[in-house]
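Here are my notes on the model, set out as numbered points. Please read them with the coordinates open alongside.

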Amino acid sequence: KRHESILALSREHHFGLLFCWKLRQGIKKQVPAERMRPYVKYFWHHHLREHFAEEETLLFSLLHDNLTEQAMLEHKHLKQLAEDIIQAAAVTPDDLNTLANKLDDHIRFEERKLFPHMEEKLPEEEFTELGLRLQRLHATPEKDDYADEFWT
């Protein structure tokens, strides 16, 4: 069970996993990678970039150890993958699949290893303060309203 203070981050992880699923569905349906590229840009700019920044500044800064360092490095790598896809002269299904797989792995790492580790190591007061800060940031529910539903 996730600490209630970081439930907003876990809910955003659900949207991240859904993003991965949508890319994989597009690949499976042989949707041209160039048609899916704008969705990567949309999702990066409207969801992932801000989510990563929140985790890095509000959560990872509370505990400096090998797991938070791994999460920071994975964020850096995922940012580079997304930006490479957005800016590349051409994008391939393999590029999209790599991003989907790496993001999926990262989310599962945070949910299964990092978050439980932080819940064990951090004092309750830190989680209470974190929860208040996240609650202010997440007053509006997350939604993915991208128009081109290439995955259907």
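**Notes on the cavity, the cores and one loop residue**

1. Sorted by class, the residues that line the largest cavity comprise five nonpolar, five polar and three charged ones. The lining thus described is made up of 13 residues, and those lying nearest the centre of the cavity are E12, H13, G16, L48 and H51.

2. The volume of this largest cavity comes to about 90 Å³, and the structure holds one cavity of 30 Å³ or more. Helices α1, α2 and α4 each supply at least two residues of its lining, with α2 giving the most, namely five residues.

3. Since this is a predicted model, the confidence values deserve a place beside the geometry. The protein chain has an average pLDDT of 94, and 99% of the residues score at least 70. Among the elements of the chain, the highest mean pLDDT, 98, belongs to helix α3 (residues 66-87), whereas the lowest, 88, belongs to helix α5 (residues 124-137). As a general caution, predicted coordinates should not be read in detail where pLDDT is low.

4. Which residues have the most contacts inside the largest nonpolar core? This core has 28 residues, and the ones in question are F19, L23, Y39, V40, L96, L99 and L103. At least two residues of the core come from each of α1 (7-28), α2 (33-59), α3 and α4 (93-121), and the helix that gives the most to it is α2, with nine residues. In soluble globular proteins, nonpolar side chains tend to be buried together.

5. V40 may serve as a starting point for inspecting that core. Leaving aside residues up to four places away in sequence, V40 touches F19, L23, A82, I85, I86, L96 and L99. Apart from the largest core lies another one, of 16 residues, which includes L59, L67, L114 and M118.

6. Finally, the loop between α1 and α2 contains Q30, whose phi is near 60°, a positive value in a residue other than glycine. Is Q30 buried or exposed? Its relative accessibility is 71%, and because the cut-off for exposed is over 50%, Q30 counts as exposed.

Terms used. Residues numbered from 1 in each chain as written. Predicted model: local features only at pLDDT ≥ 70, side-chain atom pairs only at ≥ 80, totals over all residues. Heavy atoms only, no water. pLDDT = per-residue confidence, 0-100. Helix = DSSP H or I, 4+ residues; strand = E, 2+ residues; numbered from the N terminus. Core = buried A, V, L, I, M, F, W, Y, C linked by side-chain atoms within 4.5 Å. Buried < 20%, exposed > 50% of the residue type's maximum accessible area, 1.4 Å probe, protein only. Contact = heavy atoms within 4.5 Å. 1 Å grid on protein atoms, 1.4 Å probe; cavity = no way out; pocket = protein on both sides within 12 Å on 5 of 7 lines; lining within 4 Å. Points joined across faces, edges and corners; volume = space filled by probe spheres on them. Nonpolar A, V, L, I, M, F, W, Y, C, P; charged D, E, K, R; others polar.
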